[in-house]
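Please open the model in your viewer and keep the selection tool at hand. The tour goes from one selection to the next and says what is found at each stop.

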Amino acid sequence: MTTVRVALDWSPNTNHIGLYLAKAKGWYADAGLAVEIVSPHEDAYKASSSSTSSTASTSAPAPTAPSRTSGKDVIVRYYNAYNAGDLETISSLLAPDVSYHDMIYEEPFVGREAVVAFLRK
């Protein structure tokens, strides 16, 4: 089992529902992941993506080039990149036609460039 520590960018809210749902349904465990979700209000932003140091951890070193051979690998790499603020790696893991819907916005962000631009904010 690979351990992944996901640091939220804000107190838990509807934007994080996918993380909590996947954990509650056991989808991470099914993929061989032990996911710990860290909320900033629990650790005073020490592990959040807005802090200067990332605390993402895995039990195996992440590969240096994107690997599409395993869903587990992609998930681990995505969370590590998100926690480190590494938009280049995130971009490499997204499908060209990815669609991301943040409930604050009326329309979803469609396409790799649009999603990465949103995450850059």
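Leaving aside its neighbours within four places in sequence, which residues is Tyr 28 in contact with? Select Tyr 28 in this predicted model, and then display its partners, which are Gly 18, Leu 19, Ala 22, Lys 23, Leu 33, Val 35 and Tyr 79.

Next, widen the selection to the largest nonpolar core, a set of 11 residues made up of Val 4, Val 6, Leu 8, Leu 19, Ala 22, Tyr 28, Leu 33, Val 35, Ile 37, Val 76 and Tyr 79. If you colour by element, you will find that strand 1 (2–7), helix 1 (17–25), strand 2 (33–38) and helix 4 (71–84) each give two or more residues to this core, and that strand 2 gives the most, with 3 residues. Apart from this core lies another, of 9 residues, for which Ala 81, Leu 87, Phe 109 and Phe 118 can be selected as being among its members.

Now turn to the largest pocket, which holds about 930 Å³ of space. To find its centre, select Tyr 78, Tyr 79, Tyr 82, Tyr 100 and Leu 119, which lie nearest to it among the 30 lining residues. Helix 4 is worth showing here, since the largest share of the lining, 5 residues, comes from it, while strand 1, helix 1, helix 5 (87–93), strand 3 (99–100) and helix 6 (112–120) are among the elements that each supply at least two.

Colouring the lining by class shows 20 nonpolar, 7 polar and 3 charged residues. Finally, colour by domain: domain 1 (2–49) and domain 2 (71–120) each contribute at least three residues to the lining of this pocket.

Definitions and conventions
Residues numbered from 1 in each chain as written. Predicted model: local features only at pLDDT ≥ 70, side-chain atom pairs only at ≥ 80, totals over all residues. Heavy atoms only, no water. Core = buried A, V, L, I, M, F, W, Y, C linked by side-chain atoms within 4.5 Å. Buried < 20%, exposed > 50% of the residue type's maximum accessible area, 1.4 Å probe, protein only. Helix = DSSP H or I, 4+ residues; strand = E, 2+ residues; numbered from the N terminus. Contact = heavy atoms within 4.5 Å. 1 Å grid on protein atoms, 1.4 Å probe; cavity = no way out; pocket = protein on both sides within 12 Å on 5 of 7 lines; lining within 4 Å. Points joined across faces, edges and corners; volume = space filled by probe spheres on them. Nonpolar A, V, L, I, M, F, W, Y, C, P; charged D, E, K, R; others polar. Domains from an automatic or database assignment.
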